[in-house]
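Hi everyone, thanks for coming. I'd like to walk you through one structure today, going from the overall picture down to a few single residues. Let me put it on the screen.

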Amino acid sequence: MTTAELDSYKLYYADIQKLLDEGLIEKIKWGYYHWVDSFDGQEVKIINRLFPDAVLCMETALFYYQYSDRNPAEWNITVDE
């Protein structure tokens, strides 16, 4: 969820900080958060929401499509400019 989405629910900066401190939400990057209890451990869902036009590549694609059982140290994606 974005900061704008939280604002629409009347959750502002102080509320967001409290949720972060209590461990109920986690910051993904500036302006983007997710609920900790609803996170199922699939980072690919977060990447897909942040970069909907991105394509998984290199070791990431091999792992995602189960051609490799090695969890990549980082996610590699390609995006069109």
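Let's start with burial: 21% of the 81 residues of the protein chain count as buried. Please keep in mind that this is a predicted model.

What about the secondary structure? The protein chain has four helices and four strands, and from the N terminus on the order is α-α-β-β-α-β-α-β. The chain is more spread out than a compact globule, because its radius of gyration is 15 Å, well over the 12 Å that the globule rule gives for 81 residues. If you prefer box dimensions, the C-alpha trace spans about 45 × 30 × 15 Å along its principal axes.

Now to the first two strands. Strand 1, residues 25-29, and strand 2 run antiparallel, and four bridges join them. Together they form a hairpin, with two residues between the strands. Which residue in that turn has a positive phi? That would be G31, at about 85 degrees. Across the pairing, K27 stands opposite Y33 in strand 2.

Y33 brings me to the pocket. The largest pocket holds about 340 Å³ of space. It is lined by 16 residues, and the closest to its centre are M1, Y33, H34, I46 and R49. Which elements give two or more residues to that lining? They are strand 2, at 32-35, and helix 3, at 43-50. So Y33 appears twice in this talk: opposite K27 in the hairpin, and among the residues closest to the pocket centre. For those of you thinking about chemistry, the lining divides by class into eight nonpolar, four polar and four charged residues.

Next, the aromatics. A pair of aromatic rings is described by the distance of the centres and the angle of the planes. In this model the count comes to one aromatic pair. The rings of Y64 and Y65 have centres 4.9 Å apart and planes at 85 degrees; over 60 degrees counts as edge-to-face, so that is what this pair is. Are these two tyrosines buried or exposed? Y64 counts as partly exposed, because its relative accessibility is 40% and the partly exposed class lies between 20% and 50%. Y65 is at 54%, so it counts as exposed.

Let me finish with a few single residues, beginning with two that have a positive phi without being glycine. K10 has a phi near 65 degrees. You'll find K10 in the loop between helix 1, residues 3-8, and helix 2, residues 13-21. K10 is exposed, because its relative accessible area is 59%, and the class begins over 50%.

The other one is M58, with a phi near 55 degrees. Where does M58 sit? M58 is found in helix 4, and it is exposed too, with a relative accessible area of 54%.

Finally, R70. This arginine is found in the loop between helix 4, at 58-64, and strand 4, at 77-78. R70 is exposed, with a relative accessible area of 66%. R70 and T60 are ten residues apart along the chain, and their C-alpha atoms are separated by 9.4 Å.

That's my tour. Thanks for listening, and I'm happy to go back to any of these views.

Definitions and conventions:
Residues are numbered from 1 along each chain as its sequence is written. This is a predicted model: local features need pLDDT of at least 70, side-chain atom pairs count only at pLDDT 80 or more; totals for chains, interfaces and linings use all residues. Side-chain values use heavy atoms; hydrogens and water are left out. Rings of Phe, Tyr and Trp (its six-membered ring) pair if their centres lie within 6.5 Å; planes under 30 degrees apart count as stacked, over 60 as edge-to-face and the rest as tilted. Buried means under 20% relative accessible area, exposed over 50%, partly exposed in between (1.4 Å probe, protein chains only). On a 1 Å grid over the protein atoms alone, a cavity is a set of points where a 1.4 Å probe fits but cannot get out, and a pocket is an open set with protein on both sides within 12 Å along at least five of seven lines; lining residues have an atom within 4 Å of a point. Grid points are joined across faces, edges and corners, and a volume is the space filled by probe spheres set on the points. Ala, Val, Leu, Ile, Met, Phe, Trp, Tyr, Cys and Pro count as nonpolar, Asp, Glu, Lys and Arg as charged, and the others, Gly among them, as polar. Two strands pair if DSSP finds at least two bridges between them. The radius of gyration is taken over C-alpha atoms; the globule rule is 2.2 Å times the number of residues to the power 0.38.
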